[in-house]
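This report describes the fold, the side-chain pairings and the backbone features of a single protein chain. The account begins with a definition and then proceeds from charged pairs to aromatic rings, overall form and backbone geometry.

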Amino acid sequence: MFLYHLDIENDSDRVLKEGLNNSTATKWYSTSGKLFTEIDCFRPVHLPKWIDFKVAFGAHLEPFEKPYFQFPMFSDKILVFNLDISSDLFAYLYEDVKGLPSKEDLMKQYWESMHTLEEFLRYKPFNNPVIYIFEAVPAMLIEYIE
């Protein structure tokens, strides 16, 4: 199984040399954890320290559009969250929240939606996944698709 990361910034040489990480990843991918600093207040206490949105970057389960980077599912430090909850959280940035649960409730739901990629693929607990990788993808695993 492969994961995919868009190359919107046309920085393929750097990614193929250094690997894919928070500094080489396309900035188009953002996380609720980066936008809402208070999300850590609702973080379950038992989570490992490597789950840190400051180092996370996004990926897709299927190719989106070319050009993109393709790499195998190489780690257990790949987590999936419910994109619908993320979208509701983003609504709070624009104050368009009529009919939505409180931001605090959404942040709790966001954490509750977290699954490893393997769990998500096995059980498909929701339809709209958002995938975050919490460690660098080594350059030798990455293929550039134009």
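Helices here are DSSP runs of H or I with at least four residues, numbered from the N terminus. By that definition, E118 and R122 both belong to helix α5 (residues 117-123), where they are four residues apart, about one turn of the helix. The model is a predicted one.

## Salt bridges

E118 and R122 form a salt bridge, and their closest N and O atoms are 2.9 Å apart. R122 counts as partly exposed, at 49% relative accessibility. A search of the whole structure yields three salt bridges, which are set out below.

| Salt bridge | N to O separation | Location |
|---|---|---|
| R14 and E18 | 3.2 Å | both in helix α1 (residues 12-18) |
| E38 and K103 | 2.7 Å | loop between α2 and β2; helix α4 (residues 103-112) |
| E118 and R122 | 2.9 Å | both in helix α5 (residues 117-123) |

R14 and E18 are four residues apart in helix α1, about one turn of the helix. R14 is partly exposed, with a relative accessible area of 31%, and E18 is also partly exposed, at 45%.

The salt bridge of E38 with K103 has its closest N and O atoms 2.7 Å apart. Because E38 lies in the loop between α2 and β2 and K103 lies in helix α4, this pair ties together parts that are 65 residues apart in sequence. E38 has a relative accessible area of 27% and is partly exposed; K103, with 21%, is partly exposed as well. Buried status requires a relative accessible area under 20%.

## Aromatic pairs

The whole structure contains 14 aromatic pairs. One of them joins W50 and F134 in an edge-to-face arrangement, with 5.9 Å from centre to centre and 70° between the planes. W50 is placed in the loop between α2 (32-35) and β2 (57-59), and F134 in the loop between β6 (129-133) and β7 (143-145), so the pair ties together parts that are 84 residues apart in sequence. W50 is partly exposed, at 25% relative accessibility, whereas F134 is buried, at 5%.

Another pair is formed by F53 and Y132: the ring centres are 6.0 Å apart and the planes lie at 90°, so the pair is edge-to-face. This contact also links distant parts of the chain, since F53 is in the loop between α2 and β2 and Y132 is in strand β6, 79 residues apart. Both F53 and Y132 are buried.

These four residues belong to a wider group, as ring pairs link W50, F53, F81, Y110, W111, Y132 and F134 into a cluster.

## Overall form and surface

The chain contains five helices and seven strands. Along the sequence, these elements follow the pattern β-α-α-β-β-β-α-α-β-α-β-β. A compact globule of 146 residues would have a radius of gyration near 15 Å, and the chain agrees with this, having 15 Å. The C-alpha trace spans about 45 × 30 × 25 Å along its principal axes.

Of the 146 residues in the chain, 40% are buried. Among contacts between residues at least 6 apart in sequence, 82% join residues at least 24 apart.

The chain exposes about 8,300 Å², of which carbon and sulfur atoms supply 50%. I8, W28 and F64 make a nonpolar surface patch of about 340 Å². Within this patch, W28 is located in the loop between α1 and α2 and counts as partly exposed, at 46% relative accessibility.

## Backbone geometry

Most residues other than glycine have a negative phi, and most peptide bonds are trans. Against that background, several backbone features deserve attention.

The peptide bond from K66 to P67 is cis, with omega near 0°. P67 lies in the loop between β2 and β3 (68-72).

E95, although not a glycine, has a positive phi of about 55°. E95 is found in the loop between α3 (83-91) and α4, and at 72% relative accessibility it counts as exposed.

K124 is another residue other than glycine with a positive phi, near 45°. K124 is placed in the loop between α5 and β6.

Terms used: Residues numbered from 1 in each chain as written. Predicted model: local features only at pLDDT ≥ 70, side-chain atom pairs only at ≥ 80, totals over all residues. Heavy atoms only, no water. Phe/Tyr/Trp six-rings, centres within 6.5 Å; stacked < 30°, edge-to-face > 60°. Helix = DSSP H or I, 4+ residues; strand = E, 2+ residues; numbered from the N terminus. Buried < 20%, exposed > 50% of the residue type's maximum accessible area, 1.4 Å probe, protein only. Salt bridge = Lys/Arg side-chain N within 4 Å of Asp/Glu carboxyl O. Rg over C-alpha atoms; globule rule 2.2 N^0.38 Å. Contact = heavy atoms within 4.5 Å. Areas by Shrake-Rupley, 256 points an atom, 1.4 Å probe, with all protein chains shown as cover. Patch = residues over 30% accessible without salt bridge, like charges linked within 9 Å, V, L, I, M, F, W, Y side chains within 5 Å.
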